[in-house]
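The exercises below are meant to be worked through with the sequence and the coordinates side by side. Try each task before reading the solution that follows it.

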Amino acid sequence: MPRFLRLIINIVVLGALLLISQQVWAQDWRPVHGGIPFGISGIALIEQQSNTLDFLIVHDNKQKNQGRLAIISIKDKRQPEYFPLNWPNNTELPIDLEALTSVPEKTKSSFIALSSSGKAYYISLDSANKTISVLKEFSLPEIIQGNNFEAFGLQNIDGKIVAIWAHRGEGEQPATIFWGMFDLAKYQITLAGSANLKVPFPSGNVRHISDIKVDPIGIVYITSASDAGDDGPFQSAVYVAGYLGLHDNKIMWRQNSQLVPLYRSNYHKVEGMELVPGAEGGVIVGTDDENLGSYVYIIGGSSY
């Protein structure tokens, strides 16, 4: 084979390999931090810039020497940067934080974190100084014994702040979705209704709802996850669970009767989800992969 022809073939092959590697990189899960104490159980967007996404995350830790919150920053295609936050000394440490949401109509520094018991923490974040303050503690309404909450979201729908949260369910026991109005002035949620839900995938030791978010027009997204132990194997999926809307000043729920997996993973346990708008956005999911630590992945993401 002539030397020039071999050179052309080599260039074409190299170009193809580079293109494939770029595509694979764009589809990669990005490690955040190793170890069980650093699993992501909830995630909320802090700020979106041209080439950077900053998120607040919560950890479901229970011991005094373990972190509860952190900031992660994703810049371009680099690995996420992790910045741990200290819980305020004047407030009792929360136990088992499982969900996180930003607060509509507030500044980008206002969030609510929720524990598995249903206790909520209204917090303010100082991103520049990497500090938080707890403004208020309150509880979800009408908690039933045995509830294990892993999901919580807030959204402004037609001028009303609507809250949605979920008991995770497990195996043959369905998850339960709850919804209600949230009074920001009183830090009080009024329960408006509930519904049971089971997902088709994963199966077996599945938590039917591991996180929940609602967009501004009322579309409700959920994640589901299963694991067989601290070393996996793990499975997860993302679904549109239904629709929340207002009619005669009352919240109406329409549940999706045919759940379609929008995304699935056979390698990670997704416990956190956030909706990132815009051309560079997507659905970001965060994992609690136990001994394998935490990862993030942007479904539909563009340049990140």
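A charge is taken to sit over a ring if NZ of Lys or CZ of Arg is within 6 Å of the ring centre and within 35 degrees of the ring normal. The model used throughout is a predicted one.

**Exercise 1. Charges over rings**

Task: Find which ring Arg264 lies over, and at what distance from the ring centre; then do the same for Lys130.

Solution: Start with Arg264, which lies over the face of Phe201 at 4.4 Å from the ring centre. Turn next to Lys130, which is placed over the face of Phe83, with 4.9 Å to the ring centre.

**Exercise 2. The overall composition**

Task: State how many helices and strands the protein has, and what share of its residues counts as buried.

Solution: The secondary structure consists of one helix and 21 strands. For burial, the cut-off is under 20% relative accessible area, and 51% of the 304 residues of the protein count as buried. The accessible surface comes to about 14400 Å², and carbon and sulfur atoms account for 52% of that surface. As for the contacts between residues at least 6 apart in sequence, 50% of them join residues at least 24 apart.

**Exercise 3. Two open sheets**

Task: Give the strand order of the open sheet that contains strand 3, and identify the strands at its edges.

Solution: The order in this sheet of four strands is 2-3-4-5, and the pairing is antiparallel. Strand 2 (42-48) and strand 5 (81-85) each have a single partner strand, so one side of each is left without a neighbour in the sheet. Neighbouring strands here are turned by 25° against each other on average, direction ignored. Within the sheet, strand 3 (residues 52-58) and strand 4 (residues 69-75) are paired in the antiparallel sense over seven bridges, and Ile57 stands opposite Ala70 in strand 4.

Task: Repeat the analysis for the open sheet that contains strand 12, asking which strands form its edges.

Solution: This is again an open sheet of four strands with antiparallel pairing, in the order 10-11-12-13. Strand 10 (149-157) and strand 13 (188-197) are the edge strands, each of them pairing on one side only. The average turn between neighbouring strands of this sheet is 20°, direction ignored. Strand 12 (residues 175-183) pairs with strand 13 in the antiparallel sense over nine bridges, and Ile177 has Ala195 in strand 13 as its bridge partner.

**Exercise 4. Strand 20 and its two hairpins**

Task: Determine how many residues of strand 20 are buried, and describe how this strand pairs with strand 19 and with strand 21.

Solution: Strand 20 (residues 282-287) is mostly covered, since six of its six residues are buried. With strand 19 (residues 270-276), strand 20 pairs in the antiparallel sense over six bridges, and Glu274 stands opposite Ile284. These two strands form a hairpin with five residues between them, and in its turn Gly278 has a positive phi of about 95°. With strand 21 (residues 294-299), strand 20 pairs in the antiparallel sense over four bridges, and here Val285 faces Tyr297. The hairpin of strand 20 and strand 21 has six residues between the strands, with Glu290 in the turn adopting a positive phi of about 50°.

Finally, follow the chain to Gly300, found in the segment after strand 21. Gly300 counts as exposed because its relative accessibility is 66%, and, leaving aside neighbours within four places in sequence, Gly300 is in contact with Gly281 and Gly282. The C-alpha atoms of Gly300 and Gly281 are separated by 7.3 Å, although the two residues are 19 apart along the chain.

**Exercise 5. Aromatic pairs**

Task: Explain why the pair of Tyr122 and Tyr187 is classed as edge-to-face, and decide whether Tyr122 is buried or exposed.

Solution: The whole structure holds 10 aromatic pairs. In the pair of Tyr122 and Tyr187, the ring centres are 5.2 Å apart and the planes stand at 90°, so the arrangement is edge-to-face. Tyr122 belongs to strand 8 (residues 119-126) and Tyr187 to the loop between strand 12 and strand 13, so the pair ties together parts that are 65 residues apart in sequence. Tyr122 counts as buried because its relative accessibility is 3%, whereas Tyr187, at 24%, is partly exposed. Elsewhere, ring pairs join Trp29, Tyr263 and Tyr297 into a cluster.

Terms used
Residues are numbered from 1 along each chain as its sequence is written. This is a predicted model: local features need pLDDT of at least 70, side-chain atom pairs count only at pLDDT 80 or more; totals for chains, interfaces and linings use all residues. Side-chain values use heavy atoms; hydrogens and water are left out. Two strands pair if DSSP finds at least two bridges between them. Axes are lines fitted to C-alpha atoms, for helices over the stretch in contact, and angles run from 0 to 180 degrees between N-to-C directions. Buried means under 20% relative accessible area, exposed over 50%, partly exposed in between (1.4 Å probe, protein chains only). Contact means heavy atoms within 4.5 Å. Accessible areas come from the Shrake-Rupley method with a 1.4 Å probe; for residues, only the protein chains shown count as cover. Rings of Phe, Tyr and Trp (its six-membered ring) pair if their centres lie within 6.5 Å; planes under 30 degrees apart count as stacked, over 60 as edge-to-face and the rest as tilted.
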